[in-house]
Amino acid sequence: MAMRPPVPVPTLSRRAKLVVGAIAVLLVLFTAIGTLTNVYVDYLWFDETGFTEIFWTELQTRALLFAVAGVATGGVVATAIHLAYRHRPTFRPMSLEQQNLERYRQSLEPRRGLVLTAVAVVLGLFAGFTAQGSWETWLSFRNSTNFGQTDPEFGIDLSFFVFDYPFYRLALGFGFAIVVLALIGSLLTHYVFGGLRLQTPGQKLTAAARVQLSVLLGLFVALKAVAYWLDRYGLVYSDRGEVFTGASYTDVNALLVPKTILMFVAAVCAVAFFANIVVRNFLLPAAALVLLLLSSLVIGVAYPAIVQQFVVKPSANEKEAPYIKRAIASTRDAYDLSDITYVDYAHQATGNEVDTAAALAELRNDTQTIPNARLLDPNVLADTFTARQQIRNVYGFPKKLDIDRYTIGGKTRDYVVAVRELNSEGLSENQDTWINRHTVYTHGNGFVAAPANEVVSLAGQEGGEPKFTTRDLPPVGDIKITQPRIYYGELIQQGGQDVYSVVGAPQGGAKREFDQPEGGSDVGQISNTYDGKGGVSVGSFFRQLTFAIYYRERNFLLSNSVNDASKVLYVRDPRDRVEKAAPFLQVDGDPYPAVVDGRVTWILDGYTTSDSYPYALQMQLGEAATDALTGTGTTALPDKTFNYIRNSVKATVDAYDGTVTLYAWDERDPVLKTFMKAFPGVVQPKSKMTDELQGHMRYPEDLFKVQRDVLTRYHVDEPSTFYEGSDRWQIPNDPTQDTNSDQPPYYILAQRPGDERASFQLTSALNAFERDNLSAFITASSDPASYGQIEVLRLPGNTPFRGPKQVQQSFNTNDNVASDLTLFRNSAAQPVFGNLLTLPIGGNGLLYVQPLYVEGRTENSFPLLRKVLVNYGDRVGYADTLSDALDQVFGAGAGQGATDSGAEPTKPSDGTATPTTESASPTTPAPGGSASPSNPDMDAAVRNLNKALSDLSAAQRSGNFEAQGKALADLQAAVKAYQTAQQSGGAAKPTG
């Protein structure tokens, strides 16, 4: 048979080669410049914040893993291909197969060096990029810290599973990948160059090919033996037990020993392949391989399945009992739930009987919980804060406000707090230029706080709004602030991207930055120049060029606003700063501001996590920490698998200069200790925290949500009860929303049963599984003296206590409530239910309290508190004030504590709120609704206004549109008369 002519190889002209070369060089150059610029800007940020240890350690670790994995993968595969080519047969038998392959050999032969180099580089880069992402795994392995606890099955310290095992698995995975790639490369090379002849008569393998393939197959099987050895330890993550995680009866009794046997069988098989180098017969390794496959199927698959099906399943509750006990104990340890106080809370009357006498006695004696009952919902009042305290359009407040406590005048109260941040997305069209966005509107200003249990009503206003005790610009109030400027916050972004600012000016230079309005003027302003230590200097041309490339912004080089004294502030979101400074932490999704030593400080919680804690329940972090409010002013955590978590770090970010400080909060955590070894000096000891700062620490919400989810199953002690699921709990849905999302936990200042005083705590109700009845009430203390103590009030399972959804239904179906909801829900307004709080009252029961707001539907409307709802047992209270609602439930005098505490607006004898202003104290009118001295015009105006409001309410209830029109006209005339009388003096207020 005649040989086919060689296939001509296409070539490029000289000009084409030059063009292609120039394009390639430019691409490489631009890529290199962009990459180096990004790395350099990153370094400047770490240098400015003092976290260069993080930068260099991470960079060096990534580079090391990249180099090792890249060189190992590319080098071994290239070596295997080179050896296969080098030992190709000189002469190949003539056959159709070989003739077809000849064209490929002729194409590869002139450029075999280039092809080999390309294969090595591509595989090396791919392996390197994959390996460098596991830098935390390597650092954890290298710096591992003992847990001081041993595994009950293997008797080794838990650090082996958390730190060592993941690295061994990582290394083994790369070993398998390298051997498989080398095997594939060798097979292809031997096939193309004649060492492997599939369709050619005679010998199928040359001696060189047989030796090389035997070695590679032997290495593969040897790695399989190592995998079997690691599989023994991997049983601690088994899910064969179905209802629990960890080694089950079948794993321990029917799989642990077979794994050991298979390890030895695989080792023998590997020896057989290596022996084939000398024996020159594939029968021996083939027989060994068949033995390994049969053994793995019989003792590794079939035998455990038989034991599981015929031994375990018929009596699983008994067989799995000791292993379930392990899982319960390990899961509690992993989620920091081993030291929980359970209180059997069985004193509340049930059914239709309410022991009002006992409850009334508790209420009269209560001086801690009811006076601090929170009427302001931080999840509702963002628009109210904006309407009353925004001051200028460039400022803003987050969608979700925060709760914190302050001790003023010796009395501790919880406050709804927020900072008046720069809202970059709120700039008007004419303000949205580069100069304005990046050099003029650079920061927010001020801290706003309102007691959470107090509201005020302004003159002519129907409903209560927050009483801002810290407010305005410059800030005034009872919380003293020495540095109110906010250069770092949650709202300084555009389209989800960080907005940088260029600040600073030469000494004596013009002040460019808008700071605050001047006095009461709507036009004038006070300017400022940033003098904080934060920011990266861009005084040199090289720095300006660097940031011009980084942000693709020529104004860094052309604008006069960038000068020798300029700094760039970037990475300005507090959460982003902490995540960048401590990449080994998961950061809680809800940073909150506090005034510490006169400065506004962002406080964040950092979690150390692991997915390798033995016998512990595996969860998805993002899913477990999600509730009805996630994404509304909070950030969702990543949906990563984990089974160990600790709130090991508290972080602070100074709102003025951006200083990031990390404190070791849980100094016993082995995971934190491990990373502190890897990054020495990055995390400060807890002793460095001031008492004032510690007083603002809150138990973190995301951790609490994870823990309450775990507790729904793992609160039981008996394995049989756990297996049956007969005492399982469930997180209730948020009753104030139409979605099926979990009810968020709430911060309250309340007194736990048995405690002597109120404590700031995070709370949540828990229902019976797939029922709306309440089963438990969980609290986590945030007080420095008892921080982290979790207490669970367990309700008796034989009586149906109302859960949040049932209480909400009882509110909605109450005649008075339903009537008002119909009235409030119209084309001009809508009702908004606030958070449904569960408050323990001594040892006598749980009291539900919920504020009801009304919000207009027009632009810039904001919610006002109109009513307070109370539930105890089967009784519902519904009134303008908490004290009146309590009186309705328990009888006259029950709400005295709420009234005496100042938790309500000051009110006259007719039950209406007294008109006040934010700058004046409430005035208590004399009986009859007017203040002294009397004003006849005012009194007449009030009477007309009250009558018009009453007529309008009656007309809306009856649906009489003609009467509504007349009432509205009367109301408009009465309002004008009231305003005229008000200008001439008087303080009476309409009662409607």
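**Exercise 1.** How many residues does the largest nonpolar core have, and which have the most contacts inside it?

*Solution.* Start with the ground rules: this is a predicted model, where local features need pLDDT of at least 70, side-chain atom pairs count only at pLDDT 80 or more, and totals for chains, interfaces and linings use all residues. Residues are numbered from 1 along each chain as its sequence is written, and side-chain values use heavy atoms, with hydrogens and water left out.

Next, the term: a nonpolar core is a set of buried Ala, Val, Leu, Ile, Met, Phe, Trp, Tyr and Cys residues joined through side-chain atoms within 4.5 Å. Buried means under 20% relative accessible area (1.4 Å probe, protein chains only).

Now the result: the largest core has 176 residues, and Tyr 335, Phe 385, Phe 447, Tyr 570 and Leu 662 have the most contacts inside it. Helix 6 (residues 159-192) gives this core its largest share, nine residues; helices are DSSP runs of H or I, at least four residues, numbered from the N terminus.

There's also a second, separate core of 22 residues, with Leu 795 and Phe 833 among them.

**Exercise 2.** Work out whether Thr 546 is buried or exposed, and what it touches.

*Solution.* First find Thr 546 in helix 15 (residues 541-551). Its relative accessibility is 6%, so Thr 546 counts as buried.

Then look for contacts (heavy atoms within 4.5 Å). Leaving out residues up to four places away in sequence, Thr 546 touches Thr 37, Tyr 40 and Val 41.

Conventions
Helices (H or I, at least four residues) and strands (E, at least two) are DSSP runs, numbered from the N terminus. Buried means under 20% relative accessible area, exposed over 50%, partly exposed in between (1.4 Å probe, protein chains only).
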